[in-house]
Amino acid sequence: MVDYIGVSDIQRLVREAGAAAFMTQLAGEIEADYKRWNEFEKSARLASHSDVGVIELMPTSDGRLYSFKYVNGHPKNTAEKLLTVTAFGVLADVATGYPLLLSELTVTTALRTAATSALAARTLARKNSRVMALIGNGAQSEFQAIAFHAMCGIRELRLYDVDARATDKLQRNLRALPELADLRIIKAASTAEAVKGADIVTTVTADKRNAVILTPEMIEPGMHINGVGGDCPGKTELHGDILRRADARVIVEYTPQSRVEGEIQQMPADFPVTELADVLQGKAVGRGSDAQVTIFDSVGFALEDYSALRYLHQLVQGRNPRRIDLVPALDDPKDLFGLVASQPGGTRLRRVA
């Protein structure tokens, strides 16, 4: 039997811990796995692109556990009252190949994306950062706001979205959370107004196009930019001159994938970047000075989903998790046909507690 985590299960787990605590703990697991970066098999995700979106598989393994995530990205889905992103994933035992966990990853992807964003900002942004602009107020925005408040000490949040209803939704949801009582929330009239004087700027827009959400004149010395929305070929949020700034340092998750999908797809193949793992391991400097501009060009990497699945599997142990018969348990493992044969005396399923 395989452990199973559905949407109702992740709801319960997050509510029991609290979203902030859940993402903080998950960030710790992600950081621990990034610090053993060399143990992992790494590859860019396998993507199937269409005119309306993308479907991807994201695999990785550390030689003991294997994981993959199935995920889509269809920005126009909301017009049909469907989610832009849906996902599920599997964690398996390398020694036997048997799956250990089948889990929803739609909600979990939002949690791990925000946890990774806040982990990177905690590492790269100025230590006294208190003001964040959040550009793009859709499905990911609440998670980002909560994670940055809890992990980075953000106390003022400026919001902007071309869809005012999305901003109203975000304000409503955040103001309903007692743990955010000390968070000042401001609705800005434009991106430029939101980012002016901000310590951290998070962009998390959804359109699958080469957009210019941030322009060079908006960027101030010492800013940390958390670029989340540019995450597939032909989808960017930053003007290329922001990346070219002499005082800018660009940090990515996995360089071969980011060169195809991230903001740096706009740059030459030899454009210099630093991998997050090297910064977390102390092999590279993230921020050189308070005046430096740091850019986390985040596209999402399979290691983060591995960490999330591993964390979820740990959480449900001892909690009488739901289980499904995804893999047959046979008395005779060489007689698979007996499972479907109807004649008397055929192979029987072995009882599994």
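**Strand 16, an open sheet and two residues**

Let me begin with a pairing: Val250 stands opposite Ile295 in strand 16. Please keep in mind throughout that what we have on the screen is a predicted model.

That pair belongs to a longer contact between two strands, since strand 14, residues 248-252, and strand 16 run parallel and are joined over five bridges. Strand 16 is also paired with strand 12, residues 224-227, again in the parallel sense, and here there are four bridges, with Asn226 standing opposite Phe296 of strand 16. As a reminder for those who do not look at sheets every day, strands of a sheet pair through backbone hydrogen bonds, and they may do so in parallel or antiparallel fashion.

How much of strand 16 is buried? Strand 16 covers residues 293-297, and five of its five residues are buried. If you turn the strand and look at each face separately, Val293, Ile295 and Asp297 are buried on one side, while Thr294 and Phe296 are buried on the other, so both faces are covered.

Let me move to another part of the model, where seven strands form an open sheet with mixed pairing, in the order 2-3-4-5-6-1-17. Its edges are strand 2, residues 46-49, and strand 17, each of which pairs on one side only. Neighbouring strands in this sheet are turned against each other by 20 degrees on average, if we ignore direction. Helix 3, residues 106-124, packs on the sheet, where it touches strands 3, 4, 5 and 6, and the direction of helix 3 makes about 85 degrees with that of strand 6. Towards the strand 17 edge, strand 1, residues 2-5, runs antiparallel to strand 17 and is joined to it by three bridges, one partnership being that of Asp3 with Arg323 in strand 17.

I would like to finish with two single residues. Asp305 lies in helix 10, residues 302-316, and this acidic residue is counted as buried because its relative accessible area is 1%, where the cut-off is under 20%. Which residues does Asp305 contact, leaving aside its neighbours within four places in sequence? They are Met58, Lys69, Thr109 and Arg112.

Leu339, by contrast, is found in the segment after strand 17, and it counts as partly exposed because its relative accessibility is 33%. Together with Leu336, Phe337 and Val340, Leu339 makes a nonpolar surface patch of about 420 Å².

Notes:
Residues numbered from 1 in each chain as written. Predicted model: local features only at pLDDT ≥ 70, side-chain atom pairs only at ≥ 80, totals over all residues. Heavy atoms only, no water. Buried < 20%, exposed > 50% of the residue type's maximum accessible area, 1.4 Å probe, protein only. Pairing = 2+ DSSP bridges. Contact = heavy atoms within 4.5 Å. Patch = residues over 30% accessible without salt bridge, like charges linked within 9 Å, V, L, I, M, F, W, Y side chains within 5 Å. Areas by Shrake-Rupley, 256 points an atom, 1.4 Å probe, with all protein chains shown as cover. Salt bridge = Lys/Arg side-chain N within 4 Å of Asp/Glu carboxyl O. Axes fitted to C-alpha atoms, helices over the stretch in contact; angles between N-to-C directions.
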